[in-house]
Amino acid sequence: MTELNFKGKEFVYNHHLAVPFRPLTPHPKKGIGPVALDGNLIIHGDNLHALKALLPVYAGKVDCIFIDPPYNTGNEGWGYNDNVNAPMIKEWLNANPIGAEDGLRHDKWCAMMWPRLRLLYELLSDHGSLWMTLDDNEVHRARGMLDEIFGSECCVGQIAWQKRTSRENRATLSPSIDHLLVYSKPLPDTWKRRRNLLLPAEDGYSNPDNDPRGVWASIPFSAQGFRENQVYKIISPTGVKHDPPKGRCWGATEPEFERLKAEGLVYWPRGGDGKPRIKQFPDTAKGLVPLTLWPSSEVGDTEESKKELMAIFSDRDAIDFHAPKPPALIQRVLQIATKPDSIVLDSFAGTASTAHAVLKQNRTDKGTRRFILVEMEDYADNLTAERVRRVIKGYKFKGTQKTELLRANLNWRAIERADDLVQRVKAIENLEGSAFDRVAKQVQDGELIVTGEKAVTERVEGLGGEFTYCTLGDPIELDKVLSGASLPPYPAIGAALFHMATNQALDSNAIRQKDFYLGETESQHVWLVYKPDLDWLKTPDAALTLARAKTFADAKPGKRHLVFAPARFVSQKMLAEHGIPVEFVPLPFALYRIDRS
């Protein structure tokens, strides 16, 4: 396989392994609701260290990763500050921030992203996916790194998102799109075959024929390619004979088409003269395969997102943040890539658009998705977390709140079907009108835009929810543990040891510190005899004895047992002779040796 080479790669290739584990330190007053490290999280700290901190509990559990890293345009002022023990990389620290004139800025960007992508891969579940937004500056290098880390066969696709609709006349080519790279774990047929169940069919929902089953949308009754048993003539109710569209066949065999007709699922446009289309009702629709082109009319653009951010912070004169991602864009990702109970991670959180999108999507489908945000900048509290506080509780706003209800191209096909379009608008007015002060209709740039407008004079209603705000605690560093200078709390060192021993995430709910139980895997139980008390750790009470080993084995029969302890008063040979399936793993001896002077 072709590899991407960049200066410093040999030094950062396994750098993620050298990053120490750091416990999460909650700050209850900065969150909403009780502290819950297994709930929604906002973490203030370097995202490399934060990802390593999440690993013991969330390895293999994250279903969707959405990241918006620095695009490395040369104007962002980001800095490389990873503590890599290599003279060449240390020299780079003196050159921060990284600008357009830095000849190594692309190498530095790759060196920054590589260990983070390695950790993100470990956090991703077997059925999960990673979504990364970039522009032309680094997208090709990002694909090279992701191909190497995930495997080129795990590239689901590259989506073009229309980030702006205005023209930039100062540019050689006016940039209209950003790229959205999509990768998944190497499990064929588990992710790539998903359909976006919440994405409506192309015509939207209405009920022009007063179907008693309610509103419906329609999709063409045709398919790509040629299948002989799906090529036949169809006669419309008005007697018009139809062949499949050129280069296509019908969407099913003739007997299946007759069944659909009998069930009232065939719609004939153009007053009965048109080619058949198939009705889909909201509760039975199978959805559509997502396209690789996402127009701003469907998922928003950066200008719209900035206006939304300013509305949330209408009490501030300005928000110094360039081009925040619209929540609608991330909602589209969530609709495709998550289930109602998924865990969603954003390690370049910025203005918290990802959390906003998760809360919106949960409100839409009554889901219980959880978000984990990581932001290293100083605005983590007063911008990232503050936005989440406001959208959860509601916020002051005075003006007209607008919600787009329909956007349709006014091409010749739409004009031919003008009656259908009018019926769709009337259906929207009937269904949605009571939620707004008025439903506005305007034609702009060849599009019909239908918008619900509601005057807000005091507050925008909150979406509800809770989150815990955390910073990163002191590293669990072996040399400090050896000297006794640092004794981490039981859950922190327990999670780190469990992950290192099993390469799996620890279920924090399984920990029983009182009897030293950590958790289990498919093949073994794991125990940790430990208290953050140096004097206790030097006593015989902290050792693995024959009686304690038997107690552990009897408490959880049927598997082998791995026991971390400062010392043991029983040999492995004796354990085997007594048929006790316990394996002893020594904790650092220098820390616990008894001072007999």
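**Briefing on a predicted single-chain model**

The accessible surface of the chain comes to about 29,700 Å², and 50% of that surface belongs to carbon and sulfur atoms. The structure is a predicted model, and its C-alpha atoms fill a box of roughly 105 × 55 × 55 Å when taken along the principal axes. Of the 597 residues in the chain, 49% are buried, and the secondary structure consists of 20 helices and 28 strands.

**Overall organisation**

- Among contacts in the chain with a separation of 6 or more, 73% are accounted for by residues that stand 24 or more positions apart.
- The chain carries 77 positive and 78 negative side chains, and the centres of these two sets lie 2 Å apart.

**Nonpolar cores and a covered helix**

- The largest nonpolar core has 62 residues, and within this core the residues with the most contacts are I43 and Y80.
- Helix α5, which spans residues 105-123, gives the most to this core, contributing 10 residues.
- Another core lies apart from that one and has 44 residues, among them I159, A349, V460 and Y469.
- Helix α10, made up of residues 327-337, is mostly covered, with 10 of its 11 residues buried.
- The buried residues of α10 include the nonpolar L329, I330, V333, L334, I336 and A337, and they also include Q331, R332 and Q335.

**R390, a buried arginine in a helix**

- R390 has its place in helix α12, which covers residues 381-393.
- Because its relative accessibility is 13%, and buried means under 20%, R390 counts as buried.
- The side chain of R390 makes a polar contact of 2.8 Å with the side chain of D315, and a polar atom of the R390 side chain also lies 3.0 Å from the backbone oxygen of I312.
- When its neighbours within four places in sequence are left aside, R390 is in contact with I312, F313, D315, R316 and Y395, so that both of its polar partners named above, I312 and D315, appear in this list as well.

**D437, an exposed loop residue**

- D437 lies in the loop that runs between α14 (418-432) and β19 (438-444).
- With a relative accessibility of 55%, D437 counts as exposed, because the exposed class begins over 50%.
- Not counting residues up to four places away in sequence, D437 touches E453, K454 and A455.
- D437 and P276 are 161 residues apart along the chain, and their C-alpha atoms are separated by 37 Å.

**Two loop residues with positive phi**

- Most residues other than glycine have a negative phi, and the two residues that follow are therefore worth a look in the backbone.
- R270, in the loop between β12 (266-267) and β13 (277-280), has a phi near 55°, a positive value in a residue other than glycine.
- K366 likewise has a positive phi, near 60°, in a residue other than glycine, and this lysine is found in the loop between α11 (353-365) and β16 (370-375).
- K366 is exposed, because its relative accessible area of 74% falls over the 50% mark.

Terms used: Residues are numbered from 1 along each chain as its sequence is written. This is a predicted model: local features need pLDDT of at least 70, side-chain atom pairs count only at pLDDT 80 or more; totals for chains, interfaces and linings use all residues. Side-chain values use heavy atoms; hydrogens and water are left out. Helices (H or I, at least four residues) and strands (E, at least two) are DSSP runs, numbered from the N terminus. Buried means under 20% relative accessible area, exposed over 50%, partly exposed in between (1.4 Å probe, protein chains only). A polar contact is a pair of N or O atoms within 3.5 Å; within protein, one must be able to donate a hydrogen and the other to accept it, and residues adjacent in sequence count only if both atoms are side-chain atoms. Contact means heavy atoms within 4.5 Å. A nonpolar core is a set of buried Ala, Val, Leu, Ile, Met, Phe, Trp, Tyr and Cys residues joined through side-chain atoms within 4.5 Å. Accessible areas come from the Shrake-Rupley method with a 1.4 Å probe; for residues, only the protein chains shown count as cover. Lys and Arg count as positive and Asp and Glu as negative; His and the chain ends are not counted. The place of a charge is taken as NZ of Lys, CZ of Arg, CG of Asp or CD of Glu.
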